[in-house]
Amino acid sequence: MIPVAHPASVPTRSAAVPAIEVRALCKSFGTNEVLKGIDFHVDHGEVVCVIGPSGSGKSTLLRCVNRLEEPTSGTVMVEGVDITDSETDLDGVRTRIGMVFQQFNLFPHLSVLKNLTLAQQRAKKRKKAEAVEVARRNLAKVGLAEKADAFPAQLSGGQQQRVAIARALSMDPDMMLFDEPTSALDPELVGDVLEVMKQLAREGMTMMVVTHEMGFAREVGDRVVFMDGGVVVEQGKPEDVLGNPQNERTKLFLSKVL
Amino acid sequence: MKRSTRRRLTQGVLYAVFAAAVAFVLLSADWATIRAYFFNLDVAVGVFPEIVTIAAKNTVIYTAIAFVGGLLLGLLLALMKLSPVLPYRWFATAWIELFRGLPALLVIFGFAYAIPIAFQWRAPGGNAGAGLIALIIVSSAYIAETIRAGIEAVPKGQVEAARSLGMNGPWTMVTVTLPQAFRIITPPLTNELVILIKDTSLLFIAGMAIGDRELTTFSRDALTSTANATPLVVAALLYLIITLPLTQLVAKLERHNKRGR
Ligand SMILES: Nc1ncnc2c1ncn2[C@@H]1O[C@H](COP(=O)(O)OP(=O)(O)O)[C@@H](O)[C@H]1O
Ligand SMILES: [Mg+2]
């Protein structure tokens, strides 16, 4: 009998395994120990907001999830697949993890439409017509259908970030990572971006959101994780962590930002 | 004395010195000889049309070949220099340092004479071909450093965005990094091109067949056969006709880039 090869590199979507599961994750930059044994998970369909002071390692944790940073030790499982395993098809896994950066990182030399179709064609091997259709659908979703032919420099920060979200969505990801998506925006532009994210959450998207928007965390988050000094200090329902924090460091942090 | 008066006085003196120097040169020059040996119309007419149809044409062709060749080889070397594979980095570094450190004239001479003798090897295209290979190699060393700097000037977030979308390293390089890098380095690359136009004049050392001569070789031969310097002046004017638009372009691109930031 021919054994059926188990394609270890293809994540399986099942309720039994969390979308993201991080165990005993440590990360050092040189002698600077940034993550000191993080245990963390995000279930399918869950919206987890990560909060904490600047420099506490939130971005590093997020970037370890799709291995933009190489973990020093510990495991990172995405849909049951160990992404630190050298046998894993990292590019394949990454197409299932949408990522949105603080600085948008749109490709400035490409039109908005090309920004959205490039990776669909190169990484997902979609035909151009299909890629364009998917791109236009996602542009419409973030309210920027008429900007398809514009270049990033012609858009406001808020529009650029919504294009970046549409770009990530065009890969049909199973989950989305957000790293302070509104921190680089003028205050009056924050609302549009948060609205798009809220809509995603309502549709059941799995989301890990590093944010300083406590209103968003309270309203949209299923769980809030407070990090400080490279460890998870406290986590739970938003109303508990934000409304009735138990840890002194959480209290101190919230007293400064609320 | 008031400061403004003093400044005007200083400027007046500077102008006077300049005018005196110009007058001295104009008066002391032997205009008849200069006209006869540098601006001789009969000699000038005599070098046409070959100085354009052969010499200037060859200069442009050699420049194009050396630039395209140097660009391709330079791109390869830049990628090797940025490669995680250590021997590639060593090789690229050695190549770049070697050919930036040697006089181009010596390299051309080596390829035209030393290598054929040592290895019993003839370059395609004879001595002109050998000289061109040398020019490609020399320009690749400079262009490689320019391209490497351009690649490193592309913000890190660009590569991260592309990789996070699942694009592999080579596709990211081709579709995201290189297009932006080349936009950044267009002014210095155009500069390399202008330098290369002038460096084709060094090919004379290779000793070229009649039909292969470029502007400098051609006008040097004409200088000898006519015992008159006018061919050099014609060649100089033709060089300027080729290079001036390009140097203007560089200046324009640099202004444009500055405004873009
Ligand atoms: N690429 C890097 N190289 C060196 N140190 C880094 C790097 N990225 C982050 N750090 C350090 O890691 C610590 C945590 O950074 P980060 O994860 O960005 O925190 P946060 O997102 O919570 O503000 C900081 O002290 C920062 O200086
Ligand atoms: Mg951060």
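Let's start with the sheet in chain A. Four strands make an open sheet in the order β2-β1-β4-β5, and the pairing is antiparallel. Which strands stand at the edges? They are β2, residues 32-42, and β5, residues 81-82, of chain A. Each has a single partner strand, so one side of each is left without a neighbour in the sheet. Keep in mind that this is a predicted model.

Now look inside that sheet. Strand β1 of chain A covers residues 20-29, and strand β4 of chain A covers residues 73-78. Five bridges join them, and the two run antiparallel. Take one residue as a marker. A:Cys26 has its bridge partner in β4(A), and that partner is A:Ser73. A general point on strands: in a regular one, side chains alternate between the two faces of the sheet.

Next, a hairpin, further along chain A. Strand β9 is residues 223-228, and strand β10 is residues 231-236. These two strands of chain A also run antiparallel, with five bridges joining them. Find A:Val225 on your screen. Its bridge partner in β10(A) is A:Gln235. How many residues lie between β9(A) and β10(A) in the hairpin? Two. In the turn you will see A:Gly229, which has a positive phi of about 60°.

One stop at a helix of chain A. Helix α3 spans residues 112-122 and holds A:Lys114. Is A:Lys114 buried or exposed? Neither one fully: A:Lys114 is partly exposed, because its relative accessible area is 41%, and the partly exposed class lies between 20% and 50%. Now find A:Ala148. A:Lys114 and A:Ala148 are 34 residues apart along the chain, yet their C-alpha atoms are separated by 8.4 Å.

On to chain B, and its surface. There are two patches to show you.

The first is charged. B:Lys2, B:Arg3, B:Arg6, B:Arg7 and B:Arg8 gather there in a patch of positive charge. One of them, B:Arg7, sits in helix α1 of chain B, residues 3-28. B:Arg7 has a relative accessible area of 54%, so this residue counts as exposed.

The second patch is nonpolar. Its members are B:Phe18, B:Val22, B:Leu26, B:Leu27 and B:Trp31. Together they have about 560 Å² of accessible area. Where does the largest share come from? From α1(B), which gives four residues. B:Val22 lies in that helix, α1 of chain B. B:Val22 has 35% relative accessibility, so we call this residue partly exposed.

That's the tour. Questions, please.

Terms used:
Residues are numbered from 1 along each chain as its sequence is written. Chains are lettered from A and ligands numbered from 1 in the order in which they are written. This is a predicted model: local features need pLDDT of at least 70, side-chain atom pairs count only at pLDDT 80 or more; totals for chains, interfaces and linings use all residues. Side-chain values use heavy atoms; hydrogens and water are left out. Patches are made of residues with over 30% relative accessible area and no salt bridge: like charges are joined within 9 Å, nonpolar side chains (Val, Leu, Ile, Met, Phe, Trp, Tyr) within 5 Å. Accessible areas come from the Shrake-Rupley method with a 1.4 Å probe; for residues, only the protein chains shown count as cover. A salt bridge is a side-chain nitrogen of Lys or Arg within 4 Å of a carboxyl oxygen of Asp or Glu. Lys and Arg count as positive and Asp and Glu as negative; His and the chain ends are not counted. The place of a charge is taken as NZ of Lys, CZ of Arg, CG of Asp or CD of Glu. Buried means under 20% relative accessible area, exposed over 50%, partly exposed in between (1.4 Å probe, protein chains only). Two strands pair if DSSP finds at least two bridges between them.
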